[in-house]
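Q: Please take a close look at the surroundings of the ligand in this model. I would like one connected account of what lines the site and how the ligand is contacted.

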Amino acid sequence: MRVEEIRNICVLGCGNMGSQIALNAAIHGFRVWNMDVKEEMVDKARAFTEEYLPGRVRKGRLTQEQAEAAAANISYTTDLEEAARGADFVIEAVPEKLDLKRRVFRELDRICPPEAVLATNSSFIVSSRLADVTGRPERVCNMHFFNPALVMELVEVVQGPHTSDETARLTMELARKMGKTPVLLKKEVYGFLVNRILAALMKEALWLADMGVARVEDIDTAVTKGLGHPMGPYRLMDLTGIDLHYDIAMERYRETGDPAERPSPLVVEKVVKGEFGRKTGKGWYEYGS
Ligand code: 3HC
């Protein structure tokens with residue numbers, strides 16, 4: 001398939017990542033279905049789009065015509081068949097649970113046209129753990145966006161041993177057509193590039209707070225003012241979700257059995273309290289409603 005033949009994109013999951021990936025694709029001229037099993041997530045994603053597009057026009061980032069075209073390009077549904085049956089390319093962004101993703105990929109393989117590519121936006125599940133439930137492993141890969149997906153330019157494309165060169169090339173080209181800068185990983189490695197580097201930073205930041213060396217706010221200030229990062233590790237965790245950070249650490253601990261991989265006590269406390277970050281209005285910082 002050539003990238004010009006990709007017209008219809010299906011994005012599964014209307015959470016933070018899925019909704020912004022879908023909207024980004026719609027802004028770049030693709031016809032998009034954004035699907036979630038939860039009605040309230042669909043409503044939230046639709047409401048975000050309805051607020052975001054006029055905001056871009058007011059800020060002069062999009063013309064009225066571009067915003068209207070983007071709005072016309074995107075549809076929302078809770079019906080997987082409706083979202084996936086005409087897809088040329090699928091980007092899965094459902095919660096980071098392996099069993100769930102395997103179920104979704106099996107269904108996608110049944111519903112989607114045989115030439116469609118099935119990509120996962122997972123932060124850490126490599127696509128070889130999903131490809132085997134499909135009859136098209138050569139068309140399965142990782143296509144990993146960063147939060148907030150409408151803003152962050154990078155996309156990591158990970159070519160598993162099962163992924164064809166054509167699929168990797170096509171996914172790289174699609175990322176470019178979505179206004180992103182893709183990088184290709186030719187081996188499946190845990191955490192890919194960015195999350196491996198970020199994990200090292202987060203681990204150190206969490207240790208410093210756990211040991212009472214400095215307040216969370218001061219650690220963030222040290223990283224923004226001392227290293228020039230746009231936000232410190234704690235603010236970033238609030239943006240990406242403390243629950244996601246916890247899930248990744250637990251998965252890593254389960255895989256390696258290494259106690260050093262367990263989530264830090266402060267992270268466990270936040271998760272127990274349901275303080276996941278921006279999405280719950282409180283994490284390391286307070287955000288109100
Ligand atoms: N959604 C959509 N757009 C957003 C946004 C959001 N949540 N937050 C900010 N923006 C947009 C604004 O509209 C603005 O756009 P404009 O300049 O075109 O009008 C632009 O981003 C800058 O916003 P602000 O001026 O309000 O704020 P900042 O300059 O502080 O930028 C930020 C906010 C882009 C989030 C910046 O702080 C940043 O780059 N932070 C680091 C983010 C990061 O590291 N992400 C990677 C996380 S790791 C990851 O995603 C891996 C995954 O596996 C979990």
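**The shell around the ligand**

A: In this predicted model, the shell around the ligand is made up, by class, of nine nonpolar, six polar and three charged residues. Of these 18 residues, Arg56, Lys59, Arg61, Ser123 and His144 come nearest to the ligand. Two domains contribute to the shell, with at least three residues drawn from each of domain 1 (3-185) and domain 2 (195-280), and among the helices, α8 (194-210) and α10 (233-240) each supply at least two residues.

Polar contacts to the ligand come from both side-chain and backbone atoms. A polar side-chain atom of His144 lies 2.7 Å from an oxygen atom of the ligand, and a polar side-chain atom of Asn195 lies 3.0 Å from an oxygen atom of the ligand, whereas for Asn147 a polar backbone atom is 2.8 Å from a nitrogen atom of the ligand. The ligand on its own has 1000 Å² of accessible area, of which the protein covers 67%.

Helix α10, which supplies at least two residues of the shell, also takes part in an aromatic pair. At 18% relative accessibility, Tyr52 of another pair counts as buried. In the pair that involves α10, the rings of Tyr234 and Trp284 have their centres 4.9 Å apart and their planes at 80°, so this pair is edge-to-face. The pair links distant parts of the chain, with Tyr234 in helix α10 and Trp284 in the segment after α12 (265-273), 50 residues apart, and both Tyr234 and Trp284 are buried.

Key
Residues are numbered from 1 along each chain as its sequence is written. This is a predicted model: local features need pLDDT of at least 70, side-chain atom pairs count only at pLDDT 80 or more; totals for chains, interfaces and linings use all residues. Side-chain values use heavy atoms; hydrogens and water are left out. A residue is near a molecule or strand if one of its heavy atoms lies within 4 Å of it. A polar contact is a pair of N or O atoms within 3.5 Å; within protein, one must be able to donate a hydrogen and the other to accept it, and residues adjacent in sequence count only if both atoms are side-chain atoms. Accessible areas come from the Shrake-Rupley method with a 1.4 Å probe; for residues, only the protein chains shown count as cover. Helices (H or I, at least four residues) and strands (E, at least two) are DSSP runs, numbered from the N terminus. Ala, Val, Leu, Ile, Met, Phe, Trp, Tyr, Cys and Pro count as nonpolar, Asp, Glu, Lys and Arg as charged, and the others, Gly among them, as polar. Domain bounds come from an automatic or database domain assignment. Buried means under 20% relative accessible area, exposed over 50%, partly exposed in between (1.4 Å probe, protein chains only). Rings of Phe, Tyr and Trp (its six-membered ring) pair if their centres lie within 6.5 Å; planes under 30 degrees apart count as stacked, over 60 as edge-to-face and the rest as tilted.
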